[in-house]
Amino acid sequence: NKVNAVSSQNINGIKNTAILLAFDDTTQISSLGNLQVNNGILSLQSGFSQGTLTTNTEVLDSNATYFEVRAGINSDCGVSTFQISSDGGLSFTSYDLLSNINQAIAFTTAGKNIQAKVTLATDANNDKPELTYFVVGVK
């Protein structure tokens, strides 16, 4: 499932895609706690103020030292987060979704078992967080 990322916008030199969620199906998703995938959009189920998606673990050929998240987010993702693991989900590091996409971030520990979690959450200013895609690139 790993593909080479080809883009003139690849300023961080991230060359491989470990996780690619287009929300057209749920095949790369391990769990969808209080979330739903419908018509290419990840959103909260009705009546819930927070929900977490966990991806399957993607095993790389060699250790990754950096990652970059690209995501199709709406303006209501102000209190939503993502978590990244390089050890298959044994430990995760959490990041704010709005301010940590499209930048290269060093893994706390290099690894080749990549897993991600996305937590959509609401508050008074963020009432309907949604994602149209979520990509984790690695190098």
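1. A quick word on terms before we start: a residue counts as buried under 20% relative accessible area, as exposed over 50%, and as partly exposed in between. Please also keep in mind that this is a predicted model.

2. Let's begin with the charged pairs. The structure holds two salt bridges. In one of them, Arg-70 pairs with Glu-68, and their closest N and O atoms are 3.1 Å apart. The partners sit in contrasting surroundings: Arg-70 has 27% relative accessibility, which lies between the two cut-offs, so this residue is partly exposed. Glu-68, with a relative accessible area of 4%, is buried.

3. The other pair joins Glu-130 to Lys-128, with the closest N and O atoms 3.8 Å apart. Is Lys-128 buried or exposed? At 53% relative accessibility, Lys-128 counts as exposed.

4. Next, two backbone angles that you may want to look at. Most residues other than glycine have a negative phi. Phe-23 has a positive phi, near 60°. This residue lies in the loop between strand 2 (16-21) and strand 3 (29-33). Despite its loop position, Phe-23 is buried, at 2% relative accessibility.

5. Asn-102 also has a positive phi, here near 65°. Its place is the loop that links strand 9 (93-96) and strand 10 (105-121). With 43% relative accessibility, Asn-102 is partly exposed.

6. Now to the interior. In soluble globular proteins, nonpolar side chains tend to be buried together. Here the largest nonpolar core has 30 residues. Which residues have the most contacts inside this core? They are Phe-67, Val-69, Leu-131, Phe-134, Val-136 and Val-138.

7. Several strands build this core: strand 2, strand 5 (41-44), strand 7 (58-73), strand 8 (81-85), strand 10 and strand 11 (130-138) each give at least two residues to it. Strand 10 supplies the largest share, with six residues.

8. Val-136 is a handy residue to centre your view on, as one of those with the most contacts inside the core. Setting aside neighbours within four places in sequence, Val-136 touches Asn-16, Thr-17, Ala-18 and Ile-19, along with Phe-67, Glu-68 and Val-69. Its contacts also include Ile-84, Ile-114 and Ala-116. Glu-68 thus ties two of these points together: this residue is in contact with Val-136 and forms the salt bridge with Arg-70.

Definitions and conventions:
Residues are numbered from 1 along each chain as its sequence is written. This is a predicted model: local features need pLDDT of at least 70, side-chain atom pairs count only at pLDDT 80 or more; totals for chains, interfaces and linings use all residues. Side-chain values use heavy atoms; hydrogens and water are left out. A salt bridge is a side-chain nitrogen of Lys or Arg within 4 Å of a carboxyl oxygen of Asp or Glu. Buried means under 20% relative accessible area, exposed over 50%, partly exposed in between (1.4 Å probe, protein chains only). Helices (H or I, at least four residues) and strands (E, at least two) are DSSP runs, numbered from the N terminus. A nonpolar core is a set of buried Ala, Val, Leu, Ile, Met, Phe, Trp, Tyr and Cys residues joined through side-chain atoms within 4.5 Å. Contact means heavy atoms within 4.5 Å.
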